[in-house]
Every structure is written in structure tokens, then in C-alpha cells.
Amino acid sequence: MKKSYLLLVLLTAGLTACASEPQASGSDEATSDGQGGDLVIDMGAEAVSLDPHLANDVPSGNVASNIFDRLVTFDEEMNIEKSLAKDWEQVDDLTLRFELEEGVTFHDGEPFNAEAVKANIDRVTDPDIASPRGYLFTNISEVEVIDDYTVEVKTDEPFAPLIYSFAHNGGGMISPKSIEEDYAAMEEGKEPGSVINNHPVGSSYFEFESWDTGQQIKLVNNEDYWGEPAKLDSVTFKTVPEDGTRLADLETGSAHVSDPFSPSDVERVKGTDGLDIIESNSMGIEYIGFNTQKAPFDDKRVRQAISMAVDNEAIIENLLNGYGVPAIGPMSPQIIGFDDTVEPLGYDPEKAKELLAEAGYPDGFKTSIWTNDKRERVDLVTYLQQELGKIGIEVETETMEWGSYLDRTNSGDHDMFVLGWSASTGDADYALSPLFHSSNHGAAWK
């Protein structure tokens, strides 16, 4: 993405609504004991890509994580657990060794082994692929196959977060045959991921069955799964952008899970028999981004002024019904490396006006802010439009569909925009490096 200074707004709680006893109609309904049937999950936006090396958004990751296993994974406390790797060892400061599970096959029958691991790491770090997940593995200098089920990963310098990177969705293991076919398609002029995205092949407990663009993605039980099998016959991820429709689907039994879920609807769900709210601490932030490549956002005083004109406490109380805490930096308290001594700029509209005057904008200026069609973000930009108007900044708002929104923000044509960032490895490197490291400055994913 274009290099932007990030104004941290707040940390939000993770909310998911679900039916405590699934009631979907039809012969494919999920059963109340969790055995068999089709689990229906309403998602607020459609997946952008099911290629784990090229996806860079939450909806895509939510689907792809059910198709692709990783070498290691996280438990509920963000501790590293074994997956395709049954053991691992930091041999020295520069070498991480994995001992792999034997007898694992991908959905297409291809064997999982050390060569498959090497093929995946080589691809995700290949500049020609331009993976948005490549930064997770950028320090890797060599992948050495020791034997069929032992592989060593070497880095240029000590890099403690590497093991966490392998637990990320971007570390999903793709069938080597799919990788070969995807490269062959690239030689014919097709985009990276064209083969893998159309028919993703992993080794996890669900297999890809179909993708009805704009409607739904269906996964089916992998009956030959090497680990503990899934209890469901299938999972259908439906694209339902409207919050009200997702809630109605839960109430009527047309869906079993709604994710994401609006804080505004919490009380309605709590008052409905058969529906529950799953609440969790979030490792994510919501933020306002600035395009620092053009005026007036190339002036730090302007960015600070906008920050000081925003009352984070009011946003949490009035727009999020209390489900959030003010951010004091670019990562949440759950992240390794969080520093609670950081002092935020604070809410001070009068000081904001002074900073604008010092920067040469005593009467303010005109600008725009973009958002996707998530309800809380639409409400947020409306609030920002109102509050920034009080310090002389006239803001035009624009709301876009999710996929289009990602494309346009990645192009760097924005003034301001609203997005979220989740440090999903639980480590500060993931929270900071992609957004602030100089190597990530420039065109998107390059």
C-alpha cells in the first residue's frame, strides 16, 4: 500500500452472533448435536482470493483457513501448537528446523513432505508472485530439505517472530501440483494465483467445492483428512453485506453464524431465544489512514490536528455501544511488545485549530474520506465529517463495496480512508512492519 501515517482510533471487541441450536431448514441443515449437516455462515463481505499467499483480507482468510493447513497453529491463548509440523527446534540463531507429519496428502492426492514446504516458501517469497504475505517470510535466506520429512529454514539474521509467521494464514500449504500449474498459467500471461484461486487445494479438514461469485462459497468434508475430522458435512460461506439481513437470517434459521456482527444489534440478539453472542478480545485496531504523498497530509501538524479533533471516547460510547477501548498506539494490549506507557495526543479541538493555522490552513481545507460499506465505518466517517467541520475541514465521504475499496486504497489515490489492522500473529513485528517499515513504501504488494 502507499505509505500512510496512521491515526489510531480505537480497539474493538470481536463479536460474532450464532444460533445456539442451529435451525436451518431443509435436508442439509446442521444438526443440534454438531454432527453432520451444512453449517451456514453469513459474511459481511465476499472473499477476495482463496490463494493463501495472495489473500490480504479477513473474509478471504476466514474461508481459506479451513482449506489449508499450516506447519503450526495457535491455540485460544495464542500459544504455538503443532499442525503439519509435529515438532520444531531453533537449532541456532539463524536456523529453524521442522519435523513433519508423515502420511499426509493434499486434497488432490499429492504427498505432503519437505519438498512441498520448500515449494510453498519459495512461492510466497517470489517477487514475481508479489505476495502481500511475503513480508512474513522476508528474512528467509534459504530453505534446505534435509530428508523427506525434515526441513530447515535459514534467515539472514536472528528473527524471533518467524515461528509465529508460519502459524499465520499466509503460511498455508498449497499442493505442489497446484503451484506448478499456477506458474505454468503465469507463463501463458495469466495473473499469479489464477489457478489456485479458482480451485484451491490444501490438506485441511474441508475441501473446496464451489464458488458462486457474489453469493456463496461451499466447502465439503475431507473424508481422508490426516487429523481429527470435521464434524460437519459441509460449510457454506454466504455473502450478505447488509447487517439487518444477516440478523434476520439468524432469527429465521437461514444461517447459523453471522460474522462480523454489529454492536448495535447485541441487545436484540441477547433478547432472542436460541441466539448467542460470542465476544472476544481483539488484536485489531480501526484506524484512519492519510496519503502522506500529497498536501496537506504531508505536513505532520495537519495529521496531528485531525487526530486531536477526534473524540475516541465518544466514538466508542455512541457508535460502538461501549465495545472498544481507545488506542494509544498501533497495536492492542494483547500483542507481544505492547507498551502501555505511550501517551496519545488526546482530544483537544482548540489545539487542533492552532496546528492547522501553523501549517498554513487557518481556514481549514477541503478533502475526502473513503470507507467500505461496514455499518460502523459508515457511521464513523459521518461522525468525522461532522467533527472535522468544527475545525474548518470540509470532508466529502464515499462508501464502496469491499473488493473495490481494497483495489482503490491500494492504488494510493485516496486522501483519507478508514480500515482495520489485526496483528494476527500476536507479535509486534506483524503490527508494525507491514505498515511502517520503509521496505513497504510504494505501490501495493510490490
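**Strand pairing and helix contacts in a predicted model**

Seven bridges join strand S15 to strand S19 (residues 416-422), and the two strands run antiparallel. The structure is a predicted model. This briefing covers strand S15 and two helix pairs, H2 with H4 and H9 with H11.

**Strand S15**
- S15 spans residues 284-290 and is mostly covered, with seven of its seven residues buried.
- Gly284, Glu286, Ile288 and Phe290 point one way from the strand, while Ile285, Tyr287 and Gly289 point the other way; all are buried.
- In the pairing with S19, Tyr287 lies opposite Leu419.

**Helices H2 and H4**
- The axes of H2 (residues 114-124) and H4 (residues 176-187) come within 9 Å and cross at roughly 35°.
- This crossing of H2 and H4 is left-handed.
- H2 contributes Ala116, Ala119, Asn120 and Arg123 to the contact, and H4 contributes Pro176, Ile179, Asp182 and Tyr183.
- Sorted by class, the residues of this contact are five nonpolar, one polar and two charged.

**Helices H9 and H11**
- H9 (residues 312-319) and H11 (residues 375-389) have axes that come within 11 Å and cross at roughly 135°.
- The two helices, H9 and H11, are therefore oblique to each other.
- The crossing of H9 past H11 is right-handed.
- Ala314, Ile315 and Leu319 of H9 make the contact with Glu376, Asp379, Leu380 and Tyr383 of H11.
- The contact of H9 with H11 comprises five nonpolar, no polar and two charged residues.

Terms used: Residues numbered from 1 in each chain as written. Predicted model: local features only at pLDDT ≥ 70, side-chain atom pairs only at ≥ 80, totals over all residues. Heavy atoms only, no water. Axes fitted to C-alpha atoms, helices over the stretch in contact; angles between N-to-C directions. Helix = DSSP H or I, 4+ residues; strand = E, 2+ residues; numbered from the N terminus. Left-handed = near helix turned anticlockwise from the far one by under 90°. Contact = heavy atoms within 4.5 Å. Nonpolar A, V, L, I, M, F, W, Y, C, P; charged D, E, K, R; others polar. Buried < 20%, exposed > 50% of the residue type's maximum accessible area, 1.4 Å probe, protein only. Pairing = 2+ DSSP bridges. Parallel < 35°, antiparallel > 145°, perpendicular 65-115°, else oblique.
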